[in-house]
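Thank you for making time this morning. I would like to walk through one structure with you, taking its side-chain pairs and one of its helices in turn.

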Amino acid sequence: MKVCVYAISKNEEKFVKKWVNSMKEADDIYVLDTGSTDNTVSLLKEAGVHVYSEVIFPWRFDVARNKSLDLVPKDCDICVCTDFDEVFESGWREKIENAWNPNTTRFQYTYHWSLDNDDQPIVSFFLNQIHKRDGYQWTHPVHEVLSYSLGEEVVVTCPDVVLKHYPDLSKSRSSYLPLLELSVAENPDDDRNMHYLGREYMYYKMWDKSIETLKKHLTLPKAIWKDERAASMRFIGRCYKNLKNYDEARCWYDLAAKEAPHLRDAFVEKALMEYELENYKSVEDLCFKALEIKSHEKTYINEPFSWDSTIYDLLSISAYHLQRYSQAIYFVDIALTYLPNDERLLNNRKIFKEKESSF
């Protein structure tokens, strides 16, 4: 089979070498550069990548993605769309070819969206930006998605194909908010981008506007995915917390937990608020409820604080304030298995031990 990688670029010179080395298992690599002023284009050409340049104005991610896909020859069997801050674990092509079958239209794989300093995943979910050549088009100005026009999709999932994300934190997200507002204006019934817009307002600390938008998301007929609905409810709770309306925040966290009882996030986020309010018995109860949930869903609705040291950290501090010093040591020791060199946790353990010995 013929496998091609395609991507868009703008001022990505620091990523070029690593990205090309990761993608070179493909037969060809095609890049649409959208206006680089650094050495991105020359470095890509030196590496043997097919590079074309075009400035997209007004900027839209879907237009840029579609123009980059247009560069891929029609005889390509498998198209692989990635960004420059992403790299595959080696052997990805063979794994895709082994899992692909004649009816496959789209391929789903593991995406490590966030990694720690030891290159271990913090947030992971399935991504599906590998697809056959014909019938696919990118839609939406931002948070763009692939749409299929040739009947029913046949999706193959292979968790052993792993793509890792190493984001450039210096890059601005300033274009996202106006593009999301445009996307919702174009498709007011699109539940996904309504959720994203409400979340973006929250990131900008536009609490009232975020609440209004996220509540609207929950009313949309297509907003039926419980995980995303629960996230909207949590974000509404987070906004109310920042507005210091704690009773309303509690209501929304409880609604989120009821909507998606298989997710830890609502319990832990509410526990974090109760911790700020020094309600340590509530913190303890919420953390124990979260720990009853053992399954970690592979979706983008993943909060790192639900699966890292946070729960055990909260339990240790709560136990300390409730004068259960042995229990505080027990939980801080678990937290330290996640962060063995964390000075705050180590200092907490020392305090807990001193209290235990003098109690």
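Helices here are DSSP runs of H or I with at least four residues, strands are runs of E with at least two, and both are numbered from the N terminus. With that in place, I can start at an element boundary: just after α10, glutamate 278 takes a positive phi of about 65°. Please keep in mind that this is a predicted model, in which local features need pLDDT of at least 70 and side-chain atom pairs count only at pLDDT 80 or more, while totals for chains, interfaces and linings use all residues. Residues are numbered from 1 along each chain as its sequence is written, and side-chain values use heavy atoms, with hydrogens and water left out.

Let me stay with α10 for a moment. This helix has twelve residues and reaches 17 Å from its first C-alpha to its last, close to the 16 Å expected at 1.5 Å a residue, where the expected span is 1.5 Å times one less than the number of residues. How many of its residues are buried? Nine of the twelve are, if we take buried as under 20% relative accessible area, exposed as over 50% and partly exposed as in between, with a 1.4 Å probe and protein chains only. Among them are Phe267, Val268 and Met273, but also charged side chains such as Asp265, Lys270 and Glu274. The buried residues of α10 pack against α8, α9, α11 and α12, contact meaning heavy atoms within 4.5 Å.

That brings me to the salt bridges, by which I mean a side-chain nitrogen of Lys or Arg within 4 Å of a carboxyl oxygen of Asp or Glu. By this rule the count comes to 30. One of them joins glutamate 269 to arginine 234, at 2.7 Å from N to O, and it links distant parts of the chain, since glutamate 269 belongs to α10 and arginine 234 to α8, 35 residues apart. Glutamate 269 counts as buried because its relative accessibility is 5%, and arginine 234 counts as buried because its value is 3%. Salt bridges that share partners then join Arg234, Arg238, Glu269 and Glu303 into one network.

Arginine 60 and aspartate 62 also meet in a salt bridge, at 2.9 Å from N to O, and both of these residues are buried. Aspartate 75, by contrast, pairs with lysine 2, their closest N and O atoms being 3.1 Å apart; here aspartate 75 lies in the loop between α3 and β4, lysine 2 in the segment before β1, 73 residues away. Lysine 2 is partly exposed, because its relative accessibility is 21%.

Finally, the rings. Rings of Phe, Tyr and Trp (its six-membered ring) pair if their centres lie within 6.5 Å, and planes under 30 degrees apart count as stacked, over 60 as edge-to-face and the rest as tilted. A search of the whole structure finds 16 such aromatic pairs. Tryptophan 225 and tyrosine 300 form a tilted one, 6.0 Å centre to centre with 50° between the planes, and the two sit in separate loops, 75 residues apart. Elsewhere, ring pairs link Trp59, Phe61 and Tyr176 into a cluster.
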